[in-house]
Amino acid sequence: MELQQESIKDLKQDVLRPNYDRSNLKTGVVHIGVGGFHRSHQAFYLHRLMQVGKAFDWAICGLGLREEDRGMLKDLKQQDGLYTLLTQHPDGKNDCEVIGSMKEMLLAPDDPQAAIAKLAHPDTRIVGLTITEGGYNFNPTTGHFDFSNPDIVHDLTQPAVPKSVYGYLVEALRRRKRNGIRPFTVLSCDNIQGNGSVLRRMTLAFVLKQDPDMAKYIADHVSFPNSMVDRITPVTSPEIKEVLERGYGIVDRRPVVCEPFIQWVVEDDFSNGRPELGEVGVQFVNNVAPYELMKIRLLNAGHSVIGIPGAISGLPTIDACMQDGIFKRFLRRFLDEEATPVLGKIQGFDMEGYKDDLMVRFANPNIKDNVSRICSQSSAKLPKFLIPTLRINLAYEGSIRFATFVLAAWCYYSDVGKDEKGRSLEIIDDNKETLHLAAWETKTNLTAFLEQPELFGDLTENVRFVKEYVSILVQIYEQGDIRSLMKDLFCL
C-alpha cells in the first residue's frame, strides 16, 4: 500500500508507526534541507520524543530553498509528510519504522513570502540546517564569506525577496524584531567543525553589509549553538524501496536507510526554548569541541584511511574493506597508534568503546557505503580530518607512518585514476584536475603532490615526513599492489 496517513493503521505489525495524533502537532522547527541525513537523525529524535508523549509543539516544517527540492516536496506531500526509516543491523536484522515528526514542507522559490512568514511566525523557535558545507558560502581556503555569489549579490539589494539561506534567515529575524517576537535559534546540523560558530560568523558577515543595525541585534540576541551529529546514512538505493515493498508491503517514494548507531551532541544555548531531547539520548553540553574533534579524527579520518587504499584495490564499499583483515587491522592501528594519542580525554566518555563501535559500524554488511562517496572531495576532507593528526605527531615525535601512507596513496589515486583491476575510479573532487596534474608531476619530482600549500601547508619542509612519504610513494608506484604493500610495511 502507498504510505499515507490513512494507510498507516493497516501496516504490518512488525512496522513501527506513530502512536500519537499527528493532526494535533504544531510546528516549532523549520528545517532547511530535508535530505536523508536530517530524516534519519534530527527528525528521528523528535519522532522518538513524540512517541513518549512529548514535543507535540515541536513538529517540523521542511523548507527547500532550491528548485532541486521540488521532487522531495512532491513526494512528501503525497505521503502526508510520512516516510519510512529502515535501520539495518550488522546481523542482517532490519527495523522498519514510519516517522511522523514532519508535519509540512514548503518550497521557497514557489512563494518566498510564505517561507519568510513561516520562519517569522512566533511558533517557530528553532531553524535547523543540513545544507552541506557548500551551502555556507565561504571560501574554503581563506574562510571568508563569498560576496560574489549571485544570490548574495541579489539579497544585499533586495532583502524582501531573498534567495540565499542568509537572506531568508535575516529577513525573518528582521520581521520578528519589528513585531516584538523573540528570535529563533539557528541550529546547524552539518558536518562542519564548529558548525554553529561558522554559521554565526557567516551570517554576521552578510548582515553587516546589508543592515548594520540588524547585525548588532543578531550578535546580541540570536543563538547559534555548535553541534556534533553522527549516523551513517547512505544514499537510498532502488533496492531499499524493493525491500520495503516485498518485505513490508510499503510503497514509499522517499525512504531512508541508516545504521543503528546515532549520536547528537549540542551546546545548550538556545534563544527561544528547546524540546527535551535529552530524554531520548541527545547530549546537551557546555562545549561540543572535544566530541567533535573525536569524531573528526576517528570516524571521518578513519573513513579516508581505508577508503582511499580501498578504492585503489578495487573494493567497492567500506564494509568490503573491513571484510579484508589487512584493511581492518590497518584502520585499527591508525586509530590506536596515531589518532588516539593526540586526542584529549573526554570525562565520562569511553574512547576505547567508541573505537570498538566504529569498527563494527564500518563493517556493517547492510550499510553499503560506496568508497567513491567516502573519497569524494578528499581535498576538502583530508586537510581537516587527517593532516592535523599528522602534524601533532610530527611535533611530538609520534607515529606518522599510517597517515603518511594514506597521503602517498592519495597521490597515486589522483595520478593513475584506475584501480588495480584496471577499472576507472570515480573521482569526485572540485580540485580533481589540479590534484591530477600535481600527482602526474611525481614522475619527475617526488614531492610535487605535496607542493600545494593550500592542502599541505609547509609539510615539504619537514625532513622526517618527506623522507617517510617519498619512501612509501616509490614503493606504491613500483609495486602497484597496495594491499600487499600495506601488509609488508605494517606487518599486518
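Just after helix α6, Gly180 takes a positive phi of about 70°. This glycine makes a handy entry point to the structure, which is a predicted model. Helix α6 itself covers residues 165-178, 14 in number. From first C-alpha to last, α6 reaches 20 Å, close to the 20 Å expected at 1.5 Å a residue. Because 12 of its 14 residues are buried, α6 is largely enclosed by the rest of the structure. The buried set begins with Val165, Tyr166, Gly167, Tyr168, Leu169 and Val170, and continues with Glu171, Ala172 and Leu173. Arg174, Arg175 and Arg176 complete the buried set of α6.

A second helix, α10, invites a look alongside α6. Helix α10 runs over residues 289-313, which gives it 25 residues. Its first and last C-alpha atoms are 35 Å apart, close to the 36 Å expected at 1.5 Å a residue. Even so, α10 has a kink of about 35°, centred on Ala301. Helix α10 is mostly covered, with 22 of its 25 residues buried. Just after α10 comes Gly314, with a positive phi of about 85°.

Stepping back to the whole chain, the model has 21 helices and 12 strands. The radius of gyration is 24 Å, close to the 23 Å that the globule rule gives for 492 residues, so the chain is as compact as a globular protein of that length. Taken along the principal axes, the C-alpha atoms fill a box of roughly 65 × 55 × 45 Å. Of the 492 residues, 56% count as buried.

The interior also holds some empty space. The count comes to four cavities of 30 Å³ or more. The largest cavity has a volume of about 130 Å³. It is lined by 17 residues, and those closest to its centre are Val29, Ile126, Leu187, Trp264 and Leu277. Several elements of secondary structure contribute to this lining: strands β2 (27-32), β7 (126-129) and β11 (263-267), together with helix α2 (42-51), each supply at least two residues. By class, the lining of the largest cavity divides into 12 nonpolar residues, four polar and one charged.

Pockets can be described in the same way. The second largest pocket contains about 290 Å³ of space. Its lining consists of 15 residues, with Pro234, Val235, Ser237, Ile240 and Lys368 lying nearest the centre. Helix α9 (residues 238-248) provides the largest share of this lining, namely three residues. The lining of the second largest pocket is made up of six nonpolar, five polar and four charged residues.

Two further residues deserve a mention for their backbone geometry. Thr132 has a positive phi of about 65° although it is not a glycine. This threonine lies in the loop between β7 and α5 (150-157). With a relative accessibility of 52%, just past the 50% cut-off, Thr132 counts as exposed. Cys491 likewise is not a glycine, yet has a positive phi of about 50°. Cys491 belongs to the segment after α21, and is exposed, with a relative accessible area of 70%.

Helix α21 (residues 482-490) includes Ser484. At 24% relative accessibility, Ser484 counts as partly exposed. Ser484 and Gly71 are 413 residues apart along the chain, and their C-alpha atoms are separated by 46 Å. Another such pair is Glu338 and Pro162, which are 176 residues apart in sequence and 47 Å apart in space, C-alpha to C-alpha. Glu338 has its place in helix α12 (residues 325-339). With a relative accessible area of 1%, Glu338 is buried.

Note on methods: Residues numbered from 1 in each chain as written. Predicted model: local features only at pLDDT ≥ 70, side-chain atom pairs only at ≥ 80, totals over all residues. Heavy atoms only, no water. 1 Å grid on protein atoms, 1.4 Å probe; cavity = no way out; pocket = protein on both sides within 12 Å on 5 of 7 lines; lining within 4 Å. Points joined across faces, edges and corners; volume = space filled by probe spheres on them. Helix = DSSP H or I, 4+ residues; strand = E, 2+ residues; numbered from the N terminus. Nonpolar A, V, L, I, M, F, W, Y, C, P; charged D, E, K, R; others polar. Expected span 1.5 Å × (residues − 1). Bend = angle between axes of the 7 residues up to and from the residue. Buried < 20%, exposed > 50% of the residue type's maximum accessible area, 1.4 Å probe, protein only. Rg over C-alpha atoms; globule rule 2.2 N^0.38 Å.
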